[in-house]
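Student: I am new to this structure. Please take me through one part of it closely, the second largest pocket and what surrounds it.

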Amino acid sequence: MNFLSDLFKPNEANPDIIKPIPYIENLWNHEWHSIEFQVAGVTFENRQAILKKIDNRKPHIIFFKKSTYEDSPCVEVYANKKMIGYVPQKRLNEFLKWSIRPCSIKFERIVYAKNTYGFTINVIFQNIIPIEKRKLISEKSWLIVGESYECRKNKKKMRKDVIKKMHINDKVLIERYIYDGKAAYMVVDPKSKLDLGVLSAGVAEYLSTNYSNAVFEAHLEDKYKDSYHVHINIYV
């Protein structure tokens with residue numbers, strides 16, 4: 001059986017439906033593209049009531065549907081078969097470009113002031129083209145910062161404790177996310193799935209501006225005080 005083709009057969013009943021699958025260890029590896037966003041339009045109709053019932057600790061069925069709104073393309077977001085909003089316009093073209101690839105998701109319901117609910121989704125698209133068949137266009141080395149804070153992926157864990165278990169030349173993942181409305185990049189240990197730090201705001205802006213559609217392969221370099229430099233190979 002061809003594992004990928006069997007998992008990601010087109011939805012013949014409705015080809016506009018995009019159904020993510022649960023995250024599978026070793027399937028995604030480092031060959032993926034991540035798009036994180038806050039779902040738009042969550043305060044309209046009865047969507048707040050739907051979001052209020054979502055418990056982050058329980059599994060939920062999340063999927064996307066390509067559609068149109070006022071004669072323009074859009075992507076609707078559904079939770080448990082009920083529409084909760086849209087992929088935001090500023091991420092729409094990127095999402096549509098990658099939507100032909102297999103994907104998995106991570107999500108979190110968030111609570112704003114006055115009991116207003118939002119929904120953050122990180123869509124992880126599998127890259128079909130392996131690294132060895134891509135073109136290496138650049139190599140960079142940057143210092144990992146933010147190592148003294150708790151892990152973004154598990155706030156009960158500290159990044160410094162993750163770093164203690166890492167070694168020079170260990171492979172790491174470079175994962176994009178949104179922080180204060182801007183692109184940011186965290187460095188993640190693929191074994192523990194915990195972040196050991198982030199790239200600086202300046203580096204994040206540089207990568208987002210110049211290499212938003214590239215694929216990263218990274219490993220830890222020389223140690224600096226209580227952190228590391230990360231060496232990143234950039235492929236297209």
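Tutor: Here is a walk from the sheet, across the helix, to the pocket.

Keep in mind that this is a predicted model. Start with the sheet. It is open and has six strands, in the order 8-13-12-9-10-11. Their pairing is antiparallel. The edges are strand 8 (136-143) and strand 11 (195-198), each pairing on one side only. On average, neighbouring strands are turned by 35° against each other, direction ignored.

Now look at one pair inside that order. Strand 12 covers residues 215-224, and strand 13 covers residues 227-235. The two pair in the antiparallel sense over eight bridges. Find His 219: it stands opposite His 231 in strand 13.

Next comes helix 5. This helix lies across strand 8, strand 9, strand 10, strand 12 and strand 13. Against strand 10 it runs at about 105°.

That brings us to the pocket. The second largest pocket holds about 550 Å³ of space. Its lining counts 20 residues. Closest to the centre are Tyr 177, Tyr 179, Ala 184, Val 198 and Leu 199. Three elements give two or more residues each to the lining: strand 9 (171-179), strand 10 (182-188) and helix 5 (201-210). Helix 5 supplies the largest share, five residues. So which classes of residue make up the lining of this pocket? Nine are nonpolar, four are polar and seven are charged.

Put the parts together. Helix 5 lies across strand 9 and strand 10, and these three elements each give residues to the pocket lining.

Note on methods: Residues numbered from 1 in each chain as written. Predicted model: local features only at pLDDT ≥ 70, side-chain atom pairs only at ≥ 80, totals over all residues. Heavy atoms only, no water. 1 Å grid on protein atoms, 1.4 Å probe; cavity = no way out; pocket = protein on both sides within 12 Å on 5 of 7 lines; lining within 4 Å. Points joined across faces, edges and corners; volume = space filled by probe spheres on them. Helix = DSSP H or I, 4+ residues; strand = E, 2+ residues; numbered from the N terminus. Nonpolar A, V, L, I, M, F, W, Y, C, P; charged D, E, K, R; others polar. Pairing = 2+ DSSP bridges. Axes fitted to C-alpha atoms, helices over the stretch in contact; angles between N-to-C directions. Contact = heavy atoms within 4.5 Å.
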